[in-house]
Amino acid sequence: MLFVPRHGSQLMMGSDSEMLPRPDFQPEGRDEKSACPLSRPLPHERVTLMVDGTHFVVDPILFTAHPDTMLGRMFGPARHFTRANTRGEYEIAEGIGASIFRVVLEFYKGGILQCPEGVSVSELREACDYLCINFDYSTVRCRDLSALLHELSNDGAKLQFEAFLERLVVPVMVSSAQEGERECHIVVLTDDDIVDWDHDNPPPMGEEYSQILYSTKLYRFFKYIENRDVAKALLKERGLKNIRIGIEGYPTCKEKVKRRPGGRSEVIYNYVQRPFIQLSWEKEEGKSRHVDFQCVRSKSVPNLMASVDEPTGPPVALAPQVDELDWLISPDTRPHSQAPPANDC
């Protein structure tokens with residue numbers, strides 16, 4: 001029986017490979033950019049990345065397997081902001097060195113960032129933050145454990161202080177702001193510290209204006225200078241100014257009383273070293289400390305004669321005192337009343 005194809009249909013003969021359509025086939029003379037633009041390479045087509053002057057030829061499928069990262073979004077299905085240069089290269093990761101990017105590629109291949117010796121852990125951390133790659137012990141392996149743990153401690157310190165800030169520090173700042181203050185000095189005491197001052201003989205001036213915060217956990221947190229640096233950076237990000245975080249002595253209770261000559265007594269207090277936080281949210285801090293002398297009325301007497309009770313007449317202009325030696329040196333400057341009579345010739 002002879003099969004006659006219908007009108008408009010095509011008879012496909014040959015092997016299976018010839019019968020199946022080829023999506024990557026491009027006829028001769030077709031515009032290459034319209035068929036396959038550089039910003040959208042075909043599946044399994046390798047792309048060239050330019051990082052710090054070094055070329056990396058990779059398969060974009062490595063990046064699309066991690067869609068939460070920046071490279072995964074750049075070479076993902078959408079790929080709206082990925083553009084190649086005139087040579088078909090993708091210039092990415094500006095500011096990241098080639099050696100760091102080589103370590104980053106290992107993450108896309110095996111899921112682990114193996115930091116070799118000679119590569120800075122802090123620079124690798126900055127690259128991971130830029131490329132949106134998770135930086136923790138599950139993804140990073142490093143020979144220098146001290147540097148790795150330092151970066152992990154910074155992450156933990158930031159999360160811890162954010163919790164301390166919202167739960168402990170901000171309520172104290174709000175209490176000061178409601179009283180009209182625009183700065184705050186907070187002393188962090190432990191839960192076991194007891195403050196017992198003598199009302200008749202308090203500590204030196206200034207201590208009574210400090211806000212007290214009882215928290216042993218926050219006290220232990222500020223024990224490390226690295227944590228204080230992390231907290232200072234976080235407070236600066238929140239818009240606060242004049243930030244100081246350190247350790248100072250704080251009087252807790254009366255230790256003894258000394259009698260001074262004249263019946264005056266001196267109270268000696270017991271001081272403990274405790275962390276403190278000093279910060280400000282004043283907007284016009286420069287103007288607050290500026291004195292406008294035009295608005296200050298001077299109490300000085302410009303004319304000494306006005307301070308005399310006796311009435312005086314109008315001030316009399318006194319003739320300047322001129323030495324005779326000045327007359328000899330510059331005769332034009334001597335007064336007319338003292339000048340010798342002119343000799344008529």
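Let's start with contacts across the chain: among contacts in the protein with a separation of 6 or more, 62% are between residues 24 or more positions apart. Please keep in mind, everyone, that this is a predicted model. The protein has 345 residues, and 30% of them are buried. About 25,200 Å² is exposed, with carbon and sulfur atoms supplying 53% of that area. As for secondary structure, there are 11 helices and 9 strands.

Now, on to the sheet I'd like to walk you through. It is an open sheet of 4 strands, in the order 7-6-9-8, and the pairing is mixed. Which strands stand at the edges? Those are strand 7, residues 211-214, and strand 8, residues 241-259; each has a single partner strand, so one side of each has no neighbour in the sheet. On average, neighbouring strands here are turned by 40° against each other, ignoring direction.

Let's go through the pairs. Strand 6, residues 183-189, runs parallel to strand 7, and 4 bridges join them. If you want a residue to click on, try Val188, whose bridge partner in strand 7 is Leu213. Strand 6 is also joined to strand 9, this time antiparallel, by 5 bridges. There, Val187 has Phe276 in strand 9 as its bridge partner. A quick reminder while we look at those residues: side chains in a regular strand alternate between the two faces of the sheet.

Then we come to strand 8 and strand 9, which pair antiparallel over 15 bridges. One bridge to find on screen is Ile245 with Ile277 in strand 9. These two strands form a hairpin with 5 residues between them, and Gly262 in that hairpin takes a positive phi near 95°.

So what packs on this sheet? Helix 7, residues 145-178, does, touching strand 6, strand 7 and strand 9, and its direction makes about 140° with that of strand 6. Helix 9, residues 225-237, lies across strand 8 and strand 9, and runs at about 120° to strand 8.

Last stop, a helix pair. The axes of helix 6, residues 121-130, and helix 7 come within 9 Å and cross at roughly 45°. That angle makes helix 6 oblique to helix 7. On the helix 6 side, the contact involves Val121, Ser122 and Arg125, which meet Ala147, Leu148, Glu151 and Asp155 of helix 7. By type, the residues of this contact are 3 nonpolar, 1 polar and 3 charged.

That's my tour, thanks for listening!

Definitions and conventions: Residues are numbered from 1 along each chain as its sequence is written. This is a predicted model: local features need pLDDT of at least 70, side-chain atom pairs count only at pLDDT 80 or more; totals for chains, interfaces and linings use all residues. Side-chain values use heavy atoms; hydrogens and water are left out. Two strands pair if DSSP finds at least two bridges between them. Axes are lines fitted to C-alpha atoms, for helices over the stretch in contact, and angles run from 0 to 180 degrees between N-to-C directions. Contact means heavy atoms within 4.5 Å. Buried means under 20% relative accessible area, exposed over 50%, partly exposed in between (1.4 Å probe, protein chains only). Accessible areas come from the Shrake-Rupley method with a 1.4 Å probe; for residues, only the protein chains shown count as cover. Angles under 35 degrees count as roughly parallel, over 145 as roughly antiparallel, 65 to 115 as roughly perpendicular and the rest as oblique. Ala, Val, Leu, Ile, Met, Phe, Trp, Tyr, Cys and Pro count as nonpolar, Asp, Glu, Lys and Arg as charged, and the others, Gly among them, as polar.
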